[in-house]
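Work through the following exercises with the sequence and the 3D structure side by side, and try each task before you read its solution.

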Amino acid sequence: MGKINLQEILIKETDFSVLDFETTGTSAKHGRVIEVGITRVKNNKILDSYQSFINPGMNIPPFITSLTGISNNDVYDAPFFDEITGDILDFIGESVITAHNLPFDYSFLKNELKRAELQLPENHTLCTLKLARKLYPELKSKSLGNLVKHFRIRHKNVHRALGDSNVTAKLLIKMLTQLEEDYNITKLEELLSYQSATPIKSGYRIIKKKMSSDYASLPSSSGVYLFKNSKGEAIYIGKAKVLKQRVANYFSSSAVKKSKKIVRRSSKIEYIKTNSELSALILESELIKELNPPLNTLLKKYPQQYFIRINKSNDYPDLKSTSKFDFDGNDYFGPYSNRETAKNLIDIVDKTFMLRECSDKELMKKKKCYLYDIKRCLAPCINESNKLYKNELLAAYDFLSGGNQNIVDKLLNKMKTLSDERKYEEAAEIRDIVNQILNQLNRASILAEPVNKANALVEIDSFDKKDHLLFLEGKVIIKNLKKDEPDLNLLIEE
């Protein structure tokens with residue numbers, strides 16, 4: 001088995017194996033596969049499928065059973081992964097291995113084959129999530145569930161391997177059809193290039209030749225970019241998860257007015273690579289404070305990054321979503337990549353912990369609301385108990401710091417009790433909260449405490465390079481950042 005020859009291979013003549021695993025957790029290093037589903041696609045048709053339960057050799061966590069419906073009894077007599085590797089690899093053959101969020105499933109395939117002392121096949125790979133990001137930029141979320149809902153694709157057996165691989169296969173067929181009709185992509189080589197390329201597309205224009213050269217040198221990595229004028233002065237500073245992709249937006253014919261203004265006043269683009277989005281975010285803030293670029297009007301606002309702020313100015317803090325971050329005495333959790341993630345987490349906290357949800361003005365009225373009656377709030381408006389509220393707040397902090405398991409176990413036990421008492425409506429509400437929590441398990445938890453309270457040296461390792469962020473009582477020091485150059489042309493040391 002190996003990579004097929006791309007030369008002149010047509011997409012309609014290519015086999016795609018759409019893969020999906022259900023697993024015991026999100027880490028391929030520590031987790032195991034409990035179910036595999038593979039759907040074979042060729043010439044925009046589903047030809048065949050393969051499914052099997054797999055004995056992981058370990059207990060399935062209760063929240064995984066709750067999410068997938070797969071229990072220890074289901075996999076008790078199932079084969080171990082190494083017993084069916086031959087069947088799986090034979091089914092895949094020389095096809096293009098495809099998945100939605102491919103790195104997740106591919107990492108499990110790699111680790112399971114490694115445990116079986118087998119090599120990972122050298123097949124070409126395709127990620128429908130990557131394709132979705134390029135084909136449907138207008139969609140807020142490119143998750144499989146959201147895409148299926150948007151295109152009204154019937155999805156049977158959600159969170160089951162074959163059900164998810166079948167619906168991903170249908171999505172792939174739709175994408176391949178659109179790529180041929182809209183972009184004239186008919187060859188496999190073109191498809192794989194489209195998946196990974198980040199060119200400036202039609203509708204983009206570079207105003208100045210020098211800036212065109214600067215743009216061409218931008219890497220596809222995280223970092224900070226600086227637009228500079230003819231005098232070499234920074235007029236705007238921003239950060240990006242992918243520098244080339246972010247800066248390209250400034251040159252779009254449909255770019256917003258502010259972006260066009262930045263480009264008109266610029267003569268040069270410089271960048272500073274970082275090994276993580278977090279260090280880029282903090283470096284951007286430090287550079288803005290030091291260089292004070294005239295077009296950075298909101299120095300502490302990050303439109304593409306969101307935080308959860310705990311208002312410590314009140315004896316009974318509440319939680320709010322914000323795109324601003326500062327060392328102002330409040331506690332901040334994050335950053336999160338979109339507003340929806342932050343709001344979902346706050347919604348989970350509201351439904352799970354008994355913290356107030358009212359405004360400061362309502363709190364001062366000292367009148368209880370219905371949330372107290374349904375045991376969703378301690379009602380500090382009438383029950384002034386700082387100790388009880390503080391304990392509840394600490395439990396919420398633990399959850400926001402990544403302590404998901406304790407709260408999931410607690411909610412599952414509560415759901416079982418309600419079900420035993422035949423309070424099915426209340427039990428269903430608890431089930432929905434658990435599902436919300438499970439949907440957040442893949443979010444990045446960099447620090448197990450609020451960002452502003454950290455006293456830590458964070459080493460962010462990326463292959464042979466490292467970033468070091470030192471947090472000390474509300475101050476951040478970025479190691480290897482040279483600030484002693486007279487022209488303030490700041491660089492990260494290689």
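Two strands count as paired if DSSP finds at least two bridges between them. Please keep in mind that the model is predicted.

**Exercise 1.** Work out in which order the strands of the three-stranded open sheet stand, and which of them lie at the edges.

*Solution.* Begin with β6 (residues 223-228), which is joined to β8 by six bridges, the two strands running antiparallel. One of the residues to look for is Tyr-225, whose bridge partner in β8 is Tyr-271. Next, place the remaining strand, which gives the order β7-β6-β8 with antiparallel pairing. It follows that β7 (234-240) and β8 (268-273) are the edge strands, because each has a single partner, and so one side of each is without a neighbour in the sheet. On average, neighbouring strands here are turned by 20 degrees against each other, if direction is ignored. Finally, add helix α12 (residues 277-291), which lies across β6, β7 and β8 and runs at about 165 degrees to β7.

**Exercise 2.** Decide whether Ser-141 is buried, partly exposed or exposed.

*Solution.* First find Ser-141 in the loop between α5 (128-135) and α6 (144-150). Then compare its relative accessibility of 23% with the limits: buried means under 20% and exposed means over 50%, so Ser-141 counts as partly exposed. Although Ser-141 and Glu-340 are 199 residues apart in sequence, their C-alpha atoms are 9.5 Å apart in space.

**Exercise 3.** Describe the residues that line the second largest pocket.

*Solution.* Start with the volume of this pocket, which is about 590 Å³. Of its 18 lining residues, those closest to the centre include Lys-351 and Ile-430. Sorted by kind, the lining holds seven nonpolar residues, one polar and 10 charged.

Key: Residues numbered from 1 in each chain as written. Predicted model: local features only at pLDDT ≥ 70, side-chain atom pairs only at ≥ 80, totals over all residues. Heavy atoms only, no water. Helix = DSSP H or I, 4+ residues; strand = E, 2+ residues; numbered from the N terminus. Buried < 20%, exposed > 50% of the residue type's maximum accessible area, 1.4 Å probe, protein only. Axes fitted to C-alpha atoms, helices over the stretch in contact; angles between N-to-C directions. Contact = heavy atoms within 4.5 Å. 1 Å grid on protein atoms, 1.4 Å probe; cavity = no way out; pocket = protein on both sides within 12 Å on 5 of 7 lines; lining within 4 Å. Points joined across faces, edges and corners; volume = space filled by probe spheres on them. Nonpolar A, V, L, I, M, F, W, Y, C, P; charged D, E, K, R; others polar.
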